[in-house]
Amino acid sequence: MSEFERLRDVVAQLRGEHGCPWDREQTHGSLKATCIEEAAEVIGGINILQETGNSDNLREELGDLLLQVVMNAQIAEEEGLFTMDDVSRTVIDKLVRRHPHVFGNSEFTSPEEAKKRWEEIKKTEKDGREWEQEYLPAAMDEAKQLIDVARKRKGFVTED
C-alpha cells in the first residue's frame, strides 16, 4: 500500500462511523477556510526553502494541503459525486492534453510556445463553460476574507 493510499484510508476512517466527531461534521463549505490557509502556509514553506534551503516546513505544509484535497474528495465520494480516483484521472488527462509536446507529436522550442499552446488548449476545453468564470471574482474575494480571518486568528493583525 502506498503512503497516499494509506492517507486515503486514514481520512475515510476519521470520517467513518467510529471516527472523529469533528472530521465527520466537516463539509466542503466548512473546509474552505482551512484549504485557503493551508495554501498560504505552502507559500510560506516555499519562502523558507528559498531563503534557508530547509525543506522540512514545505514538506509538512504540502501534506496539510494534500489533506484538504483528500478530505474534500472523501466528502464528495460519500455524497456520490466523484472519487479521489476521478480527481486524479481528471488532472492526469488535463496534463496529458495540455502537453502535446511531451505526450503527443507536437514540438515546441521554447517555454513561451508551450505556454501559448497550453492557453489555446485550455480555451478549447472551456468552450461552453465560460459561465464558470463568473464565480471566480467572488471566490477571490472570499479567499481574501478567509485569509484576513486567518491572519487575525494567528495574531498577525491587531484589532483597531
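Me: A helix here is a DSSP run of H or I covering at least four residues, and helices are numbered from the N terminus. In this predicted model, what separates E120 and K116 in helix α7?

Reply: About one helical turn, because E120 and K116 are four residues apart in helix α7, which covers residues 111-125.

Me: Why is the pair of E120 and K116 called a salt bridge?

Reply: The cut-off is 4 Å from a side-chain nitrogen of Lys or Arg to a carboxyl oxygen of Asp or Glu. For E120 and K116 the N to O value is 3.8 Å, so the pair counts as a salt bridge.

Me: Are E120 and K116 buried or exposed?

Reply: Exposed means over 50% relative accessible area, buried means under 20%, and partly exposed lies in between. K116 has 56%, so it is exposed. E120 has 34%, so it counts as partly exposed.

Me: How many salt bridges does a search of the whole structure find?

Reply: The search finds 15. One of them joins E3 and R6, whose closest N and O atoms are 2.9 Å apart. E3 and R6 are three residues apart in helix α1 (residues 3-15), so about one helical turn separates them. E3 has a relative accessible area of 56% and is therefore exposed; R6, at 48%, counts as partly exposed.

Me: What makes E37 and R153 a pair that ties together parts apart in sequence?

Reply: E37 and R153 form a salt bridge, with their closest N and O atoms 2.2 Å apart. E37 lies in helix α3 (residues 32-52) and R153 in helix α8 (residues 136-153), so the pair ties together parts that are 116 residues apart in sequence. E37 is buried, with 11% relative accessible area, whereas R153 is exposed, with 55%. A network of salt bridges links E37 and R153 with E41 and K154.

Me: How do you know that D23 has no salt bridge?

Reply: The nearest side chain of opposite charge, R15, is 6.8 Å away from D23. A salt bridge needs a value within 4 Å, so D23 and R15 do not form one. D23 is buried all the same. Its place is in helix α2 (residues 21-24). Leaving aside neighbours within four places in sequence, D23 is in contact with L14, R15 and M71.

Me: Which residues make up the largest nonpolar core?

Reply: Seven residues make up this core: V11, L31, V70, M71, A73, I75 and M84. The largest share, four residues, comes from helix α4 (residues 56-78). L31, one of the core residues, touches Q26, Q68, M71, N72 and I75, not counting residues up to four places away in sequence.

Me: Why is the pair of W131 and Y135 called edge-to-face?

Reply: A search of the whole structure finds one aromatic pair. In this pair, W131 and Y135 are 6.1 Å apart, centre to centre, with 80° between the planes. Ring centres must lie within 6.5 Å to pair, and planes over 60 degrees apart count as edge-to-face, so the pair meets both cut-offs. W131 is partly exposed because its relative accessibility is 46%; Y135 is exposed because its value is 58%.

Me: Where does the charged end of R98 sit?

Reply: The charged end of R98 sits over the ring of W118, 4.9 Å from the ring's centre.

Terms used: Residues numbered from 1 in each chain as written. Predicted model: local features only at pLDDT ≥ 70, side-chain atom pairs only at ≥ 80, totals over all residues. Heavy atoms only, no water. Helix = DSSP H or I, 4+ residues; strand = E, 2+ residues; numbered from the N terminus. Buried < 20%, exposed > 50% of the residue type's maximum accessible area, 1.4 Å probe, protein only. Lys, Arg positive; Asp, Glu negative; His and termini not counted. Contact = heavy atoms within 4.5 Å. Phe/Tyr/Trp six-rings, centres within 6.5 Å; stacked < 30°, edge-to-face > 60°. Lys NZ or Arg CZ within 6 Å of the ring centre and 35° of its normal. Core = buried A, V, L, I, M, F, W, Y, C linked by side-chain atoms within 4.5 Å.
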